[in-house]
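Me: I've got a model open and I'd like to learn how to read it feature by feature. Can you walk me through it?

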Amino acid sequence: IPITSPCSAAGPQYQTVNMQNTPTDYVFNLWQPRVGATYTISPNTVLRASLGKYNEQPSSSYVQYNALQQNLPTELIPYYSQGFNTPGHEVRPAISFNSDFSLEHHFNGTQLSLKLTPFLRQTHDEIENFYIDIKEGIIAGLNAGNETSTGFELALDDGDFNRDGFAGQLSFAYTNVYVKYSLLPNGTTILSPIKDRKSTR
């Protein structure tokens with residue numbers, strides 16, 4: 001049987017994998033402006049607010065996954081299913097916009113004070129981690145989603161810890177987080193392999 005391609009002898013269900021050992025560099029210039037404000041309504045009541053842009057750098061191992069030995073195709077296979085065929089992966093810094101507003105109030109005639117802080121964080125290009133080698137415990141990360149975090153923090157203080165008598169603190173926090181997964185270079189999402197495994201059972 002004539003061999004027309006490297007995979008033809010193995011069977012028609014196999015196809016040649018297109019992998020390229022192309023060196024790549026990624027540079028990201030990011031502005032991170034931030035602003036905060038405080039407004040005093042009265043000696044007992046203060047309002048505070050802040051808004052800022054933040055970024056989180058990806059791990060260098062997520063961006064460049066290479067090998068000195070002559071088995072580069074083997075090293076790249078875990079990423080090939082995600083749509084990557086080179087050692088370099090453009091994993092961008094995750095960008096978040098954080099905002100919060102707080103009300104601080106001291107109840108007149110008492111030692112009781114309250115602080116209520118609702119907050120909102122919207123993260124774009126969230127870096128999601130996944131296993132590329134479960135046996136070895138090796139993980140990778142890709143820009144795979146947009147995350148939204150909302151909630152509030154509540155704190156109550158009563159008394160003075162520096163004096164004799166009763167003093168206490170009570171705090172409570174509520175957070176609601178959800179992620180909308182974006183498409184990978186191969187047109188799937190990071191959850192697609194999980195869905196595929198479930199559908200084959």
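**Reading the fold and its surface**

Reply: Sure. Start with the secondary structure: the protein chain has three helices and six strands. Keep in mind that this is a predicted model.

Me: In what pattern do those elements follow each other along the sequence?

Reply: Going along the sequence, you get β-β-α-α-β-β-β-β-α.

Me: And contacts? What share of them join residues at least 24 apart?

Reply: Start from contacts between residues at least 6 apart in sequence; in this chain, 58% of those join residues at least 24 apart.

Me: Next, burial. How much of the chain counts as buried?

Reply: The cut-off is a relative accessible area under 20%. Here, 24% of the 201 residues count as buried. The accessible surface of the chain is about 14,200 Å², and carbon and sulfur atoms account for 54% of that.

Me: Let's try single residues. Is Ser-149 buried or exposed?

Reply: Ser-149 counts as buried because its relative accessibility is 7%, against a cut-off of under 20%. You'll find Ser-149 in strand E5, which spans residues 138–158.

Me: Which residues does Ser-149 touch?

Reply: Leaving out residues up to four places away in sequence, Ser-149 touches Phe-119, Leu-120, Arg-121, Asn-176 and Val-177. There is also a polar contact of 3.2 Å between the side chains of Ser-149 and Glu-147.

Me: Now another serine, Ser-61. Where does Ser-61 lie, and why does Ser-61 count as partly exposed?

Reply: Ser-61 sits in helix H1, residues 60–63. Partly exposed is the class between under 20% and over 50%, so Ser-61 belongs there with its 34% relative accessibility. For a distance to check in your viewer, the C-alpha atoms of Ser-61 and Gly-88 are 9.7 Å apart, with their positions 27 residues apart along the chain.

Me: Last one: surface patches. Which residues form the nonpolar patch?

Reply: For a patch, you look for residues with over 30% relative accessible area. In this model, Phe-101, Leu-103, Leu-116, Phe-152, Phe-172 and Tyr-174 form a nonpolar patch on the surface, and together they have about 520 Å² of accessible area. Strand E3 (94–106) and strand E6 (168–181) are the elements that give two or more residues to the patch.

Me: Can we take one member as an example? Where does Phe-172 lie, and how accessible is Phe-172?

Reply: Phe-172 lies in strand E6. Its relative accessible area is 47%, so Phe-172 is partly exposed.

Terms used:
Residues are numbered from 1 along each chain as its sequence is written. This is a predicted model: local features need pLDDT of at least 70, side-chain atom pairs count only at pLDDT 80 or more; totals for chains, interfaces and linings use all residues. Side-chain values use heavy atoms; hydrogens and water are left out. Patches are made of residues with over 30% relative accessible area and no salt bridge: like charges are joined within 9 Å, nonpolar side chains (Val, Leu, Ile, Met, Phe, Trp, Tyr) within 5 Å. Accessible areas come from the Shrake-Rupley method with a 1.4 Å probe; for residues, only the protein chains shown count as cover. A salt bridge is a side-chain nitrogen of Lys or Arg within 4 Å of a carboxyl oxygen of Asp or Glu. Helices (H or I, at least four residues) and strands (E, at least two) are DSSP runs, numbered from the N terminus. Buried means under 20% relative accessible area, exposed over 50%, partly exposed in between (1.4 Å probe, protein chains only). Contact means heavy atoms within 4.5 Å. A polar contact is a pair of N or O atoms within 3.5 Å; within protein, one must be able to donate a hydrogen and the other to accept it, and residues adjacent in sequence count only if both atoms are side-chain atoms.
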